[in-house]
Amino acid sequence: MQFDALIAGGGHAPWLKEYAGTDIRLLAKIKGKRFVDYIVDALKASGYINKICICVPQEAVEELRATTPDFCEVREAGNGLPHTCLVGSENIGEENPQVLVVCDDIPMLTGEAVADFLKQCEAFPN
C-alpha cells in the first residue's frame with residue numbers, strides 16, 4: 001500500500017538560533033544537511049510514500065520550494081498543529097486517504113523505521 005505524508009514543520013525553536021543560525025527546526029542542519037532533507041529522504045527510502053506535503057513557517061516557504069524534490073509540495077503552516085495538519089491535508093490524500101503525519105524534529109528517522117511502522121499499520125486498516 002502507498003501513503004502520502006505530511007511533515008508538520010511550523011515550529012520555531014528560539015534556542016536553536018544560537019547553534020544553527022535559524023530558529024526554524026526544518027532548516028537547522030546536522031553535518032551540513034537540513035532536518036527536512038533527512039526526513040524527506042527517510043520517507044522516500046521507506047518505499048511506502050508517494051507525495052509529501054511540507055508545512056513550514058511563511059519565511060521558509062520560498063527556500064524550500066526552490067530546494068525540495070518535485071514530489072514535495074511546500075505550504076505555509078497553519079496557526080498551531082491542528083490547523084497545520086488541515087492545511088497540509090488539503091493537498092494530499094486525494095488519491096489515497098492514508099496519510100502519515102510526521103513532526104519536524106526527527107532528523108534521525110530512517111526509511112526502515114517508517115516502513116516497519118507502516119507495515120504494522122496495514123495490519124489494522126481501520
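**Exercise 1. Around Leu100**

Leaving aside its neighbours within four places in sequence, which residues is Leu100 in contact with? Also work out where Leu100 sits and whether it is buried or exposed.

*Solution.* Keep in mind that this is a predicted model.

- Step 1: find the place. Leu100 belongs to strand E6.
- Step 2: check the cover. The relative accessibility of Leu100 is 11%, and buried means under 20%, so Leu100 counts as buried.
- Step 3: list the partners. Setting aside residues within four places in sequence, Leu100 is in contact with Asp4, Ala5, Leu6, Leu43, Ile49, Val114, Phe117 and Leu118.
- Step 4: look along the chain. Met1 is 99 residues away from Leu100 in sequence, yet their C-alpha atoms are separated by 12 Å.

**Exercise 2. The overall build**

Work out how many helices and strands the protein has, and in what order they come. Then see how its radius of gyration compares with the globule rule.

*Solution.*

- Step 1: count the elements. There are 5 helices and 6 strands.
- Step 2: read them in order. Starting at the N terminus, the pattern is β-α-β-β-α-β-α-β-α-β-α.
- Step 3: compare with the rule. The radius of gyration is 14 Å, close to the 14 Å that the globule rule gives for 126 residues, so the protein is as compact as a globular protein of that length.
- Step 4: add the box. Along the principal axes, the C-alpha atoms fill roughly 45 × 30 × 25 Å.
- Step 5: check how far contacts reach. Take the contacts between residues at least 6 apart in sequence: 62% of these join residues at least 24 apart.

**Exercise 3. Inside and outside**

Describe how much of the protein is buried, what it exposes, and how its charges are placed.

*Solution.*

- Step 1: the inside. Of the 126 residues, 44% are buried.
- Step 2: the outside. The exposed area is about 7000 Å², with carbon and sulfur atoms supplying 53% of it.
- Step 3: the charges. You'll find 11 positive and 19 negative side chains, and the centres of the two sets are 4 Å apart.

**Exercise 4. The nonpolar cores**

Find the largest nonpolar core and say which element gives the largest share of it.

*Solution.*

- Step 1: size it up. The largest nonpolar core has 29 residues, and those with the most contacts inside it are Ile7, Leu26, Leu43, Ile49, Ile52, Ile54 and Val56.
- Step 2: see who contributes. Two or more residues come from each of strand E1 (3-8), helix H2 (35-45), strand E4 (49-56), helix H3 (61-67), strand E5 (72-76), strand E6 (99-103) and helix H5 (111-122).
- Step 3: pick the main contributor. H2 gives the largest share, 5 residues.
- Step 4: look for another core. Apart from the largest one lies a core of 5 residues, among them Leu6, Cys53, Cys55 and Ile92.

**Exercise 5. Helix H2 and what follows**

Decide how many of the residues of H2 are buried, and name them.

*Solution.*

- Step 1: count. H2 is mostly covered, with 8 of its 11 residues buried.
- Step 2: name them. They are Phe35, Val36, Asp37, Tyr38, Ile39, Val40, Ala42 and Leu43.
- Step 3: go past the end of the helix. Gly47 follows H2 and has a positive phi, near 80°.

**Exercise 6. Two residues of strand E4**

Compare the surroundings of Ile54 and Cys53.

*Solution.*

- Step 1: place them. Ile54 is found in strand E4, and Cys53 is in strand E4 too.
- Step 2: check the cover. Ile54 is buried, at 0% relative accessible area, and Cys53 is also buried at 0%.
- Step 3: list partners beyond four places in sequence. For Ile54, they include Ile7, Leu26, Val36, Val40 and Leu64. For Cys53, they are Ala5, Leu6, Ile7, Glu73, Arg75, Gly88 and Ile92.
- Step 4: look at one pair. Ile54 and Ile7 are 47 residues apart in sequence, but 4.8 Å apart from C-alpha to C-alpha.

**Exercise 7. An exposed loop residue**

Locate Lys31 and describe its phi and its exposure.

*Solution.*

- Step 1: locate. Lys31 lies in the loop between strand E2 (29-30) and strand E3 (33-34).
- Step 2: read phi. The angle is near 55°, a positive value in a residue other than glycine.
- Step 3: judge exposure. The relative accessible area of Lys31 is 82%, so Lys31 is exposed.

Note on methods. Residues are numbered from 1 along each chain as its sequence is written. This is a predicted model: local features need pLDDT of at least 70, side-chain atom pairs count only at pLDDT 80 or more; totals for chains, interfaces and linings use all residues. Side-chain values use heavy atoms; hydrogens and water are left out. A nonpolar core is a set of buried Ala, Val, Leu, Ile, Met, Phe, Trp, Tyr and Cys residues joined through side-chain atoms within 4.5 Å. Buried means under 20% relative accessible area, exposed over 50%, partly exposed in between (1.4 Å probe, protein chains only). Helices (H or I, at least four residues) and strands (E, at least two) are DSSP runs, numbered from the N terminus. The radius of gyration is taken over C-alpha atoms; the globule rule is 2.2 Å times the number of residues to the power 0.38. Contact means heavy atoms within 4.5 Å. Accessible areas come from the Shrake-Rupley method with a 1.4 Å probe; for residues, only the protein chains shown count as cover. Lys and Arg count as positive and Asp and Glu as negative; His and the chain ends are not counted. The place of a charge is taken as NZ of Lys, CZ of Arg, CG of Asp or CD of Glu.
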